[in-house]
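Visitor: I would like to go through this model and ask on what grounds each description rests. Where should we begin?

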Amino acid sequence: MNSNVEVFDIYRKVPKDLTQPTYTGAIISICCCLFILFLFLSELTGFITTEVVNELYVDDPDKDSGGKIDVSLNISLPNLHCELVGLDIQDEMGRHEVGHIDNSMKIPLNNGAGCRFEGQFSINKQAVATGHWGLQLR
C-alpha cells in the first residue's frame, strides 16, 4: 500500500551518488545569486527614491466655450523657504510667463522654514484643451 502512494510523489529525492558539485555549477549558482541581489537592490532603490514632479495639466470639460480657464492655487510647502518658490505659466497658445506674481502671495510657515503659496491666474483654452503651469523651485 505504501508503494502505491509513493508513485504520486512529485518531489523525489535524487540519490547522492548522482549529484556531484562542479566548479561550473558553483560559478553559475554564484552568478545567479548576485544577479538576484542586483535585481532586488535596484527595485528597492527605485521604490525608496522619490520623484518630484512640478507640473499640473488642466483639462477643461467644456472645450467648445473658448476663452480662458480660471485656476486657483493654494499649496503648503512646510519645509521650503518662500524665496525658493515661484510660478511659471505656459499654454499651447504661445503664452509663456516666467515668475508670475500677479494675484499671488507667499505666506511664511513654521517661522520662515516653510511657505504657503496662493495664487490665481487664467490660462487660454485651445482645441487640445490642455495647458500646463509649473511651480518652479529656484
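Guide: With confidence, since this is a predicted model. Mean pLDDT is highest in helix α2 (residues 23-48), at 94, and lowest in strand β7 (residues 130-137), at 48. The protein averages 76, and 68% of the residues score at least 70.

Visitor: What does the model have for residues 127-132, where pLDDT stays under 50?

Guide: Residues 127-132 have 18 contacts beyond four places in sequence. A contact needs heavy atoms within 4.5 Å.

Visitor: What is the order of helices and strands along the sequence?

Guide: The pattern reads α-α-β-β-β-β-β-β-β, which comes to 2 helices and 7 strands.

Visitor: How do you know that the reach of α2 is close to the expected one?

Guide: The expected span is 1.5 Å times one less than the number of residues. For the 26 residues of α2 that gives 38 Å, and the model has 37 Å from the first C-alpha to the last.

Visitor: What makes α2 hardly covered?

Guide: A residue is buried when its relative accessible area is under 20%. Among the 26 residues of α2, the count that meets this is 0. In the protein, buried residues make up 22% of the 138 residues.

Visitor: What does UniProt list for residues 20-41?

Guide: An unreviewed UniProt entry lists residues 20-41 as "transmembrane region". In the model this span is 86% helix and 0% strand, and its end C-alpha atoms lie 32 Å apart.

Visitor: What makes the group of I69, V71, L73, L77, L80, V85, L87, I89, F117, F121 and I123 a nonpolar core?

Guide: The term asks for buried residues of nonpolar types joined through side-chain atoms within 4.5 Å. These 11 residues make up the largest such core. Strands β2 (68-77), β3 (85-90) and β6 (114-124) each supply at least two of its residues, and the largest share, 4 residues, comes from β2. In soluble globular proteins, nonpolar side chains tend to be buried together.

Visitor: Why is A113 called partly exposed?

Guide: Partly exposed lies between the 20% limit for buried and the 50% limit for exposed. A113 has a relative accessible area of 31%, so the term applies. A113 sits in the loop between β5 and β6.

Visitor: Which residues does A113 touch, leaving out those up to four places away in sequence?

Guide: A113 touches P78, N79, L80 and H81. The C-alpha atoms of A113 and L80 are separated by 6.1 Å, although the two residues are 33 apart along the chain. Of the protein's contacts with a separation of 6 or more, 72% join residues 24 or more positions apart.

Visitor: What is notable about the phi of N110?

Guide: N110 has a positive phi of about 50 degrees and is not a glycine. N110 is in the loop between β5 (104-109) and β6.

Visitor: How much of the accessible surface belongs to carbon and sulfur atoms?

Guide: Carbon and sulfur account for 61% of about 11000 Å².

Definitions and conventions
Residues are numbered from 1 along each chain as its sequence is written. This is a predicted model: local features need pLDDT of at least 70, side-chain atom pairs count only at pLDDT 80 or more; totals for chains, interfaces and linings use all residues. Side-chain values use heavy atoms; hydrogens and water are left out. UniProt positions are given in the numbering used here, feature names are shortened, and annotations may be inferred rather than shown by experiment. Buried means under 20% relative accessible area, exposed over 50%, partly exposed in between (1.4 Å probe, protein chains only). pLDDT is the predictor's confidence in each residue, from 0 to 100. Accessible areas come from the Shrake-Rupley method with a 1.4 Å probe; for residues, only the protein chains shown count as cover.
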